Amino acid sequence: MLIRCLMKHLPLILFLHFVDANCTNVLSTLIHIGESFAMQGLITAGDKDIILEGLDQIEKLIQDGKFEWRTDREDVHMNIEAALIEKVGEPAKKLHTARSRNDQIVTDLRLWCRDAIDKILFRIKQFQVCF
């Protein structure tokens with residue numbers, strides 16, 4: 001609910017900054033989950049390969065600035081997961097983290113805040129050196 005409120009009221013540029021800071025983490029997590037699920041026999045090796053290929057394609061789109069970030073999808077996870085389902089279909093629907101969406105969003109927001117605080121502190125230190 002918090003992210004939905006933020007997404008509704010903050011400029012898109014802030015959303016995109018948040019996405020940039022966290023999409024690599026989200027992609028890495030989904031890749032790890034896909035590999036783990038395959039090793040545990042929860043998904044087939046074929047499904048794993050399809051999922052990983054789809055995630056590679058999405059990562060390339062993000063890196064090239066061609067990925068369509070949609071604010072109606074609420075967060076980075078929903079954007080990537082929806083794009084993966086659009087790309088590969090049913091195998092992507094088997095990819096669940098066993099963590100609630102709220103936990104994932106709060107973790108992402110916390111990481112983004114920590115990154116922003118680090119940048120602010122760095123700028124403050126630079127400013128202090130000037131005097």
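**Exercise 1.** In this predicted model, work out which hand the crossing of H3 and H4 has, then describe how these two helices pack.

*Solution.* Start with the hand: H3 and H4 cross in a right-handed way. Next, get the two helices placed. H3 covers residues 45–63 and H4 covers residues 76–88. Now for the geometry: their axes lie 9 Å apart, and the packing angle is about 120°. Angles of 65 to 115 degrees would count as roughly perpendicular, and those over 145 as roughly antiparallel. That makes the H3 and H4 pair oblique.

**Exercise 2.** Find which residues of H3 and H4 meet, and sort them by character.

*Solution.* Take the H3 side to begin with: Ile-50, Ile-51, Gly-54, Leu-55, Gln-57, Ile-58, Leu-61 and Ile-62. Across from them, H4 brings in Ile-80, Ala-83, Leu-84, Lys-87 and Val-88. Then sort the residues of this contact: ten are nonpolar, two are polar and one is charged. Gly goes with the polar ones here, and Lys counts as charged.

**Exercise 3.** Step back to the whole chain: how many helices and strands does it have, and how much of it is buried?

*Solution.* Count the elements: six helices and zero strands. Reading along the sequence, you get α-α-α-α-α-α. On to burial: 33% of the 131 residues count as buried. As for surface, the chain exposes about 8700 Å², with 59% of that supplied by carbon and sulfur atoms.

**Exercise 4.** Among contacts with a separation of 6 or more, what share comes from residues 24 or more positions apart?

*Solution.* Keep just the contacts in the chain that meet the separation of 6 or more; residues 24 or more positions apart account for 68% of them.

Terms used. Residues are numbered from 1 along each chain as its sequence is written. This is a predicted model: local features need pLDDT of at least 70, side-chain atom pairs count only at pLDDT 80 or more; totals for chains, interfaces and linings use all residues. Side-chain values use heavy atoms; hydrogens and water are left out. Helices (H or I, at least four residues) and strands (E, at least two) are DSSP runs, numbered from the N terminus. Buried means under 20% relative accessible area, exposed over 50%, partly exposed in between (1.4 Å probe, protein chains only). Contact means heavy atoms within 4.5 Å. Accessible areas come from the Shrake-Rupley method with a 1.4 Å probe; for residues, only the protein chains shown count as cover. Axes are lines fitted to C-alpha atoms, for helices over the stretch in contact, and angles run from 0 to 180 degrees between N-to-C directions. Angles under 35 degrees count as roughly parallel, over 145 as roughly antiparallel, 65 to 115 as roughly perpendicular and the rest as oblique. A crossing is left-handed if the near helix is turned anticlockwise from the far one by less than a right angle, and right-handed if clockwise.
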